[in-house]
Amino acid sequence: MGLSDLLTVYGVDNNAFILDNKEDISKIPLPFIAYAGGDLVTVDIINKEQIGYLWNGKHITVAMSDFFKIWSGIVLVALPNLMSGEPDYQQHKKEENLRIIQNGIIGGIVITIFIITCFFTGLYHEPRLLGLLFFNIIGTYISYLLILKYLQIGRIYSDKICSFFKQTDCNNLLESDAASLFGIVSWSEIGFSYFISNIIIMLLFPNLNNWLAIINICALPYSFWSIWYQKYKFKQWCPLCLIVQIILWILFFVNLSSGLVRIPDWDFFSLFVIGCIYFLSLLSISKLKPLFVYKKRITDLMQQINSLKANKKIFTLLLENQPKYNVSYNDSQILLGNSNANVCITILTNPHCNPCAKIHKEVNKLLKHNKHIQVQYIFSSFSPELDVSALYLIAVYLRKNKKECERIYNEWFSVGKFNKEVFFKKNFVDIDDIVINEFNRHKMWKQMMRFHATPTILINGYKLPSNYHVEDLRYFTNLDPESE
């Protein structure tokens, strides 16, 4: 249902079927969603003997007979048309372009600072030192991917690298006890702090490069242990981990060829500076890591909350516990959306209320994405001198066609309400006794229900639960609280 609703929002025609004869699967246009093995899979390949499908980011190919054993016969077919597309695509594209520009500016500043630093430290004269710097940058990036993979965040690029090793899954190794030191700090964090500290020291303290070579030698035994553990203990390879080990040895050979592998003169201050940089890098990463974790948890929590909010039984139960008010078409004729809908959203709204203007935008989106809902407006100004605005909007609905009414309402709630006299002249409409009588019914209903705030939202007479918004009602096309 969730996938079907999502496809509907994107304007993609879709429907679900149960096939009595599973052999008819070859007649279904690819790709399609199938319910198999207790989960949803995307079938994208069908031939005489095999079926290929995507499951949890993995592509699996099995014999057709084996697939039939786990497949329930249920499918969801989606067929896009010329009107299909992402809602508010242009706005989203602008936001995406803005993020790209911002990231580009930040990246440009970082690169500029990097080049200037290389120039003033004289690194550009030493190709081998530039090579060390380059491989430390690669090590930083790979370690960063390992951290994201360890935290199960944004694993697209890391998964692509891991996919080079067929039938390999780094997640199992990264989730094992060996992925961290004494269960306190992960090896990926240690690797990231190591490489980023090397970069800082090379750029700001080039006289300490000899110490970096000695530290690199001290880190080499870890590569033996890592490879041994993956091959013999865990019996599975982590490509990202292997790349880090390769980089450690590349740094060693470059240091060796550059003549940096020698015992430097003992200098307590140099060791203190190096120790502080390494320690602060590791500590900073450990402090920043929770921010990524919390962000992921918030995302997961929002998905869980939205899943509960989309549950019709839960929503109906909450709705039944809300106060119910008498409301009918006799109280207001201002109706938007599907006139035959089983779900009627009654909104007591104020033409000059900013929250009401926001609600109107949500109503527009709701009616655009859900064709099975009706919205009833009841206007109230809560101020006699502003009654004219409510009268005007009622007159617009009664005197203008649907398309023109929608345009005027949208323009009013966005800019018109700030200068009503100019707006009235621009979109003139007569206010007669029919309009006044309609407004009096709105006022009478508000007084009888004893409402004193706008916007007030009712769903089939029940007050909307406080943890729901108008946009959440896109999940529901049919409600009958008293019978459910």
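## Pocket, cavity, patch and two residues

Me: Which residues lie nearest the centre of the largest pocket?
Reply: Asp5, Leu6, Val9, Arg474 and Tyr475 do, among the 26 residues that line the largest pocket. Please note that this is a predicted model, where local features need pLDDT of at least 70, side-chain atom pairs count only at pLDDT 80 or more, and totals for chains, interfaces and linings use all residues. Residues are numbered from 1 along each chain as its sequence is written, and side-chain values use heavy atoms, leaving out hydrogens and water.

Me: What makes the largest pocket a pocket and the largest cavity a cavity?
Reply: On a 1 Å grid over the protein atoms alone, a pocket is an open set of points with protein on both sides within 12 Å along at least five of seven lines, a cavity is a set where a 1.4 Å probe fits but cannot get out, and lining residues have an atom within 4 Å of a point. About 900 Å³ lies in the largest pocket, and about 90 Å³ in the largest cavity.

Me: Which helices line each of them?
Reply: For the largest pocket, α1 (2–9), α10 and α12 (354–369) each supply at least two residues, with the largest share, 5 residues, from α1. For the largest cavity, α4, α7 (187–204), α8 (209–233) and α9 (239–257) each do so, and α8 gives the largest share, 4 residues. The 13 residues lining the cavity include Leu132, Asn136, Asn198, Leu212 and Asn255, which lie nearest its centre.

Me: Why is Met302 called partly exposed?
Reply: Happily, that is simple: Met302, found in helix α10, has a relative accessible area of 43%. Partly exposed lies between buried (under 20%) and exposed (over 50%), with a 1.4 Å probe and protein chains only, so Met302 is partly exposed.

Me: And why is Ser414 called partly exposed?
Reply: Ser414 has a relative accessible area of 38%, so Ser414 is also partly exposed. Ser414 lies in helix α14 (residues 402–414). Its C-alpha is 8.9 Å from that of Lys358, which is 56 residues apart in sequence.

Me: How do you know where the side chain of Ser414 lies relative to Asn410?
Reply: A polar atom of the Ser414 side chain is 3.0 Å from the backbone oxygen of Asn410.

Me: Which residues make the nonpolar surface patch, and which helix gives the most?
Reply: Tyr141, Tyr144, Leu288, Leu291, Phe292, Tyr294, Ile298, Leu301, Met302 and Ile305 make a patch of about 970 Å². α4 (127–150) and α10 (268–309) are the elements that give two or more residues, and α10 gives the most, with 8 residues.

Terms used
Patch = residues over 30% accessible without salt bridge, like charges linked within 9 Å, V, L, I, M, F, W, Y side chains within 5 Å. Areas by Shrake-Rupley, 256 points an atom, 1.4 Å probe, with all protein chains shown as cover. Salt bridge = Lys/Arg side-chain N within 4 Å of Asp/Glu carboxyl O. Polar contact = N/O pair within 3.5 Å; in protein donor to acceptor, adjacent residues only side chain to side chain. Points joined across faces, edges and corners; volume = space filled by probe spheres on them.
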